[in-house]
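Me: I would like to go through this protein slowly, one question at a time. Could you explain each term when it comes up?

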Amino acid sequence: MCYNDHYSVIVESKAFCGVMPVMEADKTDAVRAEELKSQANEAFKAHKYAQAIDLYTQAIELNDQNVVYWANRAFAHIKLEEYGSAIQDASKAIEIDPKYSKGYYRRGAAFLAMGKLKEALKDFQQLKKICPNDRDAAKKLKECEKAVMKLKFEEAIAVPEAQRRSVADSIDFHAIDVEPQYTGAKIEGDVVTLDFVKKMIEDFKNQKSLHKRYAFQIVLQVREILRALPSLVDVNIPEGRHLTVCGDVHGQFYDLLNIFELNGLPSDENPYLFNGDFVDRGSFSVEVILTLFAFKCMSPAAMHLSRGNHESKSMNKIYGFEGEVRSKLNETFVELFAEVFCSLPLAYVLNEKVFVAHGGLFSVDGVKLSEIRAIDRFCEPPEEGLMCEILWSDPQPNPGRGPSKRGVGLAFGADVTKRFLEENNLDLIVRSHEVKDEGYEIEHDGKLITVFSAPNYCDQMGNKGAFIRFEAPDLKPNIVTFSAVPHPDVKPMAYANNFLQMFQ
C-alpha cells in the first residue's frame, strides 16, 4: 500500500512511494531527532496532539529535510483542526520530495476539511499518479471526483441570491397533521412553555423524535426573534443577577444536559449565552439546536445565541449537521436551518464591559463596536472581512498579527487585544472556537478567556468542558469545569460527509 492512515502513518520511518532524501544532519542530531519523533508518535497515539506537534517541531529543528516529520506534524495539525498549518507542513514535505505520496495525501485531506474540494482533487490526482496501483488511493480519488461533480451540479442549479425566496414563506406548520399515535411533546397553541421543553428534552434523552410540526414551529418562531436583533447585542445584567456563557457544544446533547444539571435550566433568572458552534461533529446536533431554540422561544431573555463558524452551509455539509437533519427531519429543514443560522447575531456585550464572540479579533486596528453592530450578517460567512474574522480568528502568544493555523481568519496577539479593549472601553474578551484541555484558557494578560463546552470532544480528545458565570455588578468570571457524561452508542461524525470520514 502506498500510504496508511490512522496511527500506522505516525510510526512511519521511511518514505512510501517517494525516496527519502539523505539526511545531512550529523549522526547525533539524527539520532536525537528520531527519539523525538518516537516520543511524538506516542503523544499522538494518546491523543495529545499539541504535545506531538511540539515534539515533531523539535525533531524538525534538528533535521528539517526529513519529510516524515513534516507529514506527521501535518497530521497532528489536522487532528487539532489547524488545517492551514497542516497545508503548510504537507507542502514543505512535497517541496523536499515531490514524489512523497504522504505529502499529497495530508494536504488533500486538509483542503477537504476546509471545504476546498477542487484543491483537494488536484492533490489526490497527483497521489494516484505516484501510486498508480494503490487501490485505496484510487478509491479516495474517485470519492473526491464525485464530491467535486456534486458541487459543480449544485452551483449550476443554484438560484441567484437576489432571486431566492425564503424557505420559511413556503411552510405552514399549522397545516401539518399530528398523528393520533404520536405521544411525544406537543406545543399547545403558539406558546412554547417550560413544560413542553422539559418533555421534549426527556424524549430526546430516550432517543425519541419531536414531531416535525413542532420542530417547524420552534425554528420559525426563533427565526423571527433572531431577525429582529442587531448583529451586536447589548445585554444588561442587573445588580445581584448573573449570566452564564458557554462555548462550543458541537452536537454533544448529553453534555449540554449536564450543563443544565450543574447550573440550572435557562430562565429569566438564570440566563445563558451560548457562543456558537452548536452543531456538527457530535451526532446529536438536531437535539441540541432544537433544545436551544426552544428555550429561546420560551423566553428570549433566558437564552442568547451567537453564531459560530459551524453555523454555515459549507461546514454543515461536511461535518454532519446537514446529513443528520436529512436523516432525522427532512430536506426542507436543511434549507430552513441554513437561513436561520444567517440570522444569528455575531457578538454580545455584557454591561458595556465584556465582549463575547465566537472566534476573535480583526486584521486591522480601530474596529468600533458600532461597526460590528452594522455588519450585514444575513448571508453565508465570507472568506475575508470583519464577519469572517469574528467567526474564525484565534489568539496567539506573540504580539501583533500572524497567519491563521486554520487557513481562515488570522491570529492576534495580546497587544491587539489590549488596543481593541481600550478603544471600545471594554474590560474583557470571551471567545470559544478552540478545544482546551481544561475547558478554558486565560490569555493575553488576563484580558481574554477561551471557553469550550464540549468535553471529550469527538469522544477522543479527553478534554474537560467549561462555562463562565458572570455576576453583576463586578462581572468577575467564575469558571466551572466539568467532565463528559455517557451518551448512546452513536459515534461522532455518524452523519458526516462519507468522503471526509475516510480521512478522520
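The questions and answers below go from the whole protein to its sheets, its cores and one residue.

The model is predicted, so that local features need pLDDT of at least 70 and side-chain atom pairs count only at pLDDT 80 or more, while totals for chains, interfaces and linings use all residues. Residues are numbered from 1 along each chain as its sequence is written, and side-chain values use heavy atoms, with hydrogens and water left out.

Me: How many helices and strands are there in the protein?
Reply: Helices (H or I, at least four residues) and strands (E, at least two) are DSSP runs, numbered from the N terminus. Counted in this way, the protein has 19 helices and 14 strands.

Me: What is the radius of gyration of the protein, and what value would a compact globule have?
Reply: The radius of gyration is taken over C-alpha atoms, and the globule rule is 2.2 Å times the number of residues to the power 0.38. The C-alpha trace spans about 75 × 50 × 45 Å along its principal axes. For 504 residues a compact globule would have a radius near 23 Å, and this agrees with the protein's own value of 24 Å.

Me: Which strand order does the open sheet of 5 strands have?
Reply: Two strands pair if DSSP finds at least two bridges between them, and in this open sheet the pairing is mixed. The edge strands, each pairing on one side only, are β4 (303-305) and β14 (476-482). The order is β4-β3-β2-β13-β14.

Me: In which sense does β2 run relative to β13, and in which sense relative to β3?
Reply: Strands of a sheet pair through backbone hydrogen bonds, either parallel or antiparallel. Cys-246 has Phe-467 as its bridge partner in β13 and Phe-274 as its bridge partner in β3. With β13 there are 5 bridges and the sense is antiparallel, whereas with β3 there are 3 bridges and the sense is parallel.

Me: Why is β2 described as largely enclosed by the rest of the structure?
Reply: A residue is buried under 20% relative accessible area, exposed over 50% and partly exposed in between, using a 1.4 Å probe and protein chains only. His-242, Thr-244 and Cys-246 point one way from β2, while Leu-243 and Val-245 point the other way, and all are buried. The strand is largely enclosed because the number of its residues that are buried is 5 of the 5.

Me: How many residues lie between β13 and β14 in their hairpin?
Reply: Strand β13 (residues 465-471) runs antiparallel to β14, and 7 bridges join them; Arg-469, for instance, has Asn-478 as its bridge partner in β14. In the turn, Leu-475 has a positive phi of about 55°. The number of residues between the two strands is 4.

Me: At what angle does helix α12 run to β4?
Reply: Axes are lines fitted to C-alpha atoms, for helices over the stretch in contact (heavy atoms within 4.5 Å), and angles run from 0 to 180 degrees between N-to-C directions. Helix α12 (residues 285-298) lies across β3 and β4. Its angle to β4 is about 125°.

Me: How many residues does the largest nonpolar core have?
Reply: A nonpolar core is a set of buried Ala, Val, Leu, Ile, Met, Phe, Trp, Tyr and Cys residues joined through side-chain atoms within 4.5 Å. Those with the most contacts inside the largest core are Phe-355, Leu-361, Leu-369, Ile-372, Ile-390 and Phe-420. Its largest share, 9 residues, comes from α4, and the core has 85 residues.

Me: Is Glu-81 buried or exposed, and with which side chain does its own side chain make a polar contact?
Reply: Glu-81 lies in the loop between α4 (67-79) and α5 (83-96), and its relative accessible area of 12% means that it is buried. A polar contact is a pair of N or O atoms within 3.5 Å, where within protein one must be able to donate a hydrogen and the other to accept it, and residues adjacent in sequence count only if both atoms are side-chain atoms. Leaving aside neighbours within four places in sequence, Glu-81 is in contact with Arg-281, Arg-406 and Tyr-457. The polar contact, at 2.6 Å, is with the side chain of Tyr-457.
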